[in-house]
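Here is a small set of exercises to work through with the model open beside you. Try each task first, then read the solution step by step.

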Amino acid sequence: MPPVPDVAAGAAVAADPAPANPTASDLAAPPAADLGAARGLETSPAELDRALYELGDTALGFARMPPREKASLLRSLLPGLLAAARAHVEASCAALGLDPGGAASGAAWLAGPWPTLSHVRLLAEALEDVAARGRPRLGRGALRARADGRLEVDVFPARLRDAALHGPVRAHALMLPGATAAGVREGQARFYQQRDPEGGVALVLDADDAAAVPLRDALHKLFVDGRVVALAMRPRSAPLGAILERALAPLVARGLLRFVVGSADVGAYLAAHPAVTEVHVAGSAAAHDALVWGPSGPTQALRRASGERLLDKPISSTLGGVTPVLVMPWLYGEDELWFQARLLASQLVSNASLGAHEAQILVLPRGFVQRPLLLRMLHRALAAVPPRRAAHPGAASRHAALTAGRAPLEREHLEGSADAPLPPGVVRIGEPGPGELPWTLITGLSASDTAEPLFSTEPRCGVLSIVEVGSCDPAEFLDAATRFCNDRLQGTLSASIVAPPIVEEDPAVGAALDRALLELRYGVIAVNRAPAAAHAAVVPPWGAHPSATLADIQSGLGFVHNTAMLAQVEKTILRAPLTAFPRPPGFCDHRRAHVVGERLAACAADPGWGGVARVFAAALRG
């Protein structure tokens with residue numbers, strides 16, 4: 001069945017109650033007040049205050065609402081969200097300059113309506129488990145001890161329909177050192193183990209991220225952490241947010257969720273507001289640090305060094321980083337290499353590289369004999385996709401800065417002998433129009449260059465850089481690549497490894513891969529898939545490696561999604577085969593991605609086997 005696609009695209013904002021059962025026409029034509037927000041007008045200070053105090057009035061009641069009633073509330077959201085799905089996709093495509101009826105709109109379906117509907121339904125199922133047995137159920141044998149004593153918990157697939165829709169994709173959570181089986185079970189659904197929880201008001205701040213991401217973070221805060229939520233969106237997210245606010249009318253009408261619109265100043269005002277008890281930031285590390293330590297500069301550095309926080313409230317975050325893809329040395333079949341080349345290209349293309357978890361740096365073994373073939377295939381896959389409108393507001397200036405001073409190269413330079421290092425330079429692919437950027441490969445980086453900006457800057461502008469480390473010995477490569485990623489790259493959110501499953505039959509290579517999975521400091525590691533596969537599945541914990549601190553935030557603190565409501569998580573590890581059939585709908589060359597995406601959204605709302613069959617039928621024609 002169709003495997004998990006890559007994800008990225010956005011949604012959310014507004015204010016004012018909406019009909020309890022909105023129709024598709026309600027959602028397609030927001031009222032005048034919403035359209036005012038959609039034009040970029042910020043929510044006024046008086047409205048911000050009113051929203052927060054209204055949330056405060058409902059916080060205690062919601063915290064003590066029985067889990068089964070919360071599950072019913074979640075299920076009441078599904079019709080409105082499904083009715084809003086097409087308008088959601090149209091708004092996302094308008095922001096990207098894409099045809100909402102074309103195959104390229106599939107990315108918007110896969111990043112927005114499908115995971116959002118899945119998240120709502122899976123949270124409802126988890127809360128029904130909490131009501132029945134005190135905790136979300138785990139499969140038989142899901143909790144197990146590794147040979148070294150560390151605990152793992154199988155989290156995906158949780159049900160047969162997950163396996164049918166996502167194919168042979170498996171994910172487990174690696175627990176922190178010292179976690180015990182009894183502690184893991186007792187720590188599940190921690191909020192719901194309290195006798196009389198107090199609750200509170202959480203601010204979820206869209207700090208420069210794809211707007212659908214903070215929306216799902218808000219669902220986590222509401223139904224896993226038990227907080228009512230003020231969801232603060234950037235003005236550019238307002239058109240889509242106006243649609244979603246109406247789709248989520250049951251939450252808005254009960255005073256459990258408020259959408260507000262504003263820039264960084266509004267976010268700072270809300271974060272410091274006495275009615276807000278905790279803050280969650282989705283987006284950039286710079287925005288997070290400005291909230292906690294003040295504006296960038298010497299004063300911020302002094303505060304950070306002394307621990308003098310401006311924002312002295314509990315704060316969690318899911319931030320970006322430089323996402324690596326490690327390719328193990330191996331003699332791959334051409335079909336395997338072509339699949340992985342298209343997977344790389346699809347991550348670069350998806351929403352014009354807006355997602356923070358898409359591939360940003362390709363880490364290859366020195367002397368990798370198939371390097372020329374892989375890069376030729378990557379170039380071919382990218383050349384087949386016309387350049388797109390840059391999604392990130394700073395994409396053009398970032399692209400100019402990251403490519404400045406680098407020599408232009410032709411495709412032929414990628415195909416030289418694998419015995420020689422790649423020459424340093426820039427390969428531009430495609431002929432961009434106004435507001436567009438070419439797909440760009442930057443080659444010949446030195447792994448030891450501590451001043452290389454591509455090691456510390458999230459591109460988000462259609463750039464993939466390439467670095468070579470180690471050797472063609474698999475164990476040597478994995479050790480060198482792990483050190484490079486941990487010591488040189490900014491961020492701890494996600495990474496992926498291309499690794500043929502057969503290599504683990506060699507005890508030394510298998511041990512080296514296991515060691516890399518343990519030692520890589522990332523909160524999500526995907527083997528043979530994009531990290532977005534874990535993001536789309538919703539069940540696996542999603543967040544940065546817990547080695548971060550407020551003073552060195554990297555990619556954030558805490559995990560979201562996590563519908564099994566696990567505590568003591570160190571990372572999620574997702575595994576899949578080297579290839580998949582049918583072609584994943586997230587691939588940039590899928591001809592019916594929009595049809596598969598729409599059917600996946602419908603199946604998420606009503607997961608019957610008839611819906612699964614319709615998804616499969618569309619996927620087979622891709």
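**Exercise 1. Cysteines**

Does C588 count as buried, partly exposed or exposed, and what is its relative accessibility? Keep in mind that you're looking at a predicted model.

*Solution.* Start with the cut-offs: buried means under 20% relative accessible area, and exposed means over 50%. C588 comes in at 23%, so it counts as partly exposed. Next, look for a bonding partner. A search of the whole structure turns up 0 disulfides. C588 is therefore in no disulfide, since a disulfide needs two cysteine sulfur atoms within 2.5 Å, and the nearest cysteine sulfur, that of C93, is 16 Å away. Now try C603: its relative accessible area is 2%, so that one is buried.

**Exercise 2. The two sides of a helix**

Find helix 19 and work out which of its residues are buried and where they sit around the axis.

*Solution.* First, get your bearings. Helix 19 covers residues 507-519, which makes 13 residues. From first C-alpha to last, helix 19 reaches 18 Å, close to the 18 Å expected at 1.5 Å a residue.

Second, pick out the buried residues of helix 19: V509, G510, A512, L513, A516 and L517. They cover an arc of only 160° around the axis, so they lie on the same side of helix 19. The spacing makes sense if you recall that an α-helix has 3.6 residues a turn, so residues three or four places apart point the same way.

Third, check the face turned away from the buried side: the exposed residues P507 and A508 are there.

Fourth, ask what does the covering. Helix 18 (474-488), strand 14 (494-498), strand 15 (524-527) and strand 18 (569-575) are among the elements over the buried residues of helix 19.

Last, zoom in on the start of helix 19, where a side-chain oxygen of D506 comes to within 2.9 Å of the backbone nitrogen of A508.

**Exercise 3. A helix that is mostly covered**

How many of the residues of helix 6 are buried, and what does D129 touch?

*Solution.* Begin with length. The 21 residues of helix 6 should span 30 Å at 1.5 Å a residue, and the end C-alpha atoms are 30 Å apart, so the two agree. Then count: 17 of the 21 residues are buried, so helix 6 is mostly covered. Now pick one residue in helix 6 (residues 113-133), namely D129. D129 has a relative accessible area of 5%, so it is buried. Leaving out residues up to four places away in sequence, D129 touches G134, R135, P136, R137 and R159. One of these, G134, follows helix 6 and has a positive phi, near 95°.

**Exercise 4. Unusual backbone**

Which prolines are joined to a phenylalanine by a cis peptide bond, and where do A189 and Q568, with their positive phi, sit?

*Solution.* A reminder before you hunt: most residues other than glycine have a negative phi, and most peptide bonds are trans.

- F156 and P157 are joined by a cis peptide bond with omega about 0°. P157 sits in the loop between strand 2 (151-156) and helix 7 (160-166).
- F581 and P582 are joined by a cis peptide bond too, with omega about -5°. You'll find P582 in the loop between strand 18 and helix 21 (593-605).
- A189 isn't a glycine, yet its phi is positive, about 50°. Look in the loop between helix 8 (181-187) and strand 4 (201-207). At 2% relative accessibility, A189 is buried.
- Q568 has a positive phi near 65° and lies in the loop between strand 17 (559-561) and strand 18. At 28% relative accessibility, Q568 counts as partly exposed.

**Exercise 5. Nonpolar cores**

In the largest nonpolar core, which residues touch the most other members?

*Solution.* The largest nonpolar core has 97 residues, and F223, L231 and L251 touch the most other members. Helix 4 (residues 67-96) gives the most to this core, with 13 residues. Apart from it there is another core, of 72 residues, including V325, M328, W338 and L409. As background, nonpolar side chains tend to be buried together in soluble globular proteins.

Note on methods:
Residues are numbered from 1 along each chain as its sequence is written. This is a predicted model: local features need pLDDT of at least 70, side-chain atom pairs count only at pLDDT 80 or more; totals for chains, interfaces and linings use all residues. Side-chain values use heavy atoms; hydrogens and water are left out. Helices (H or I, at least four residues) and strands (E, at least two) are DSSP runs, numbered from the N terminus. The expected span of a helix is 1.5 Å times one less than its number of residues. Buried means under 20% relative accessible area, exposed over 50%, partly exposed in between (1.4 Å probe, protein chains only). The arc is that of the directions from the helix axis to the C-beta atoms. Contact means heavy atoms within 4.5 Å. A polar contact is a pair of N or O atoms within 3.5 Å; within protein, one must be able to donate a hydrogen and the other to accept it, and residues adjacent in sequence count only if both atoms are side-chain atoms. A nonpolar core is a set of buried Ala, Val, Leu, Ile, Met, Phe, Trp, Tyr and Cys residues joined through side-chain atoms within 4.5 Å.
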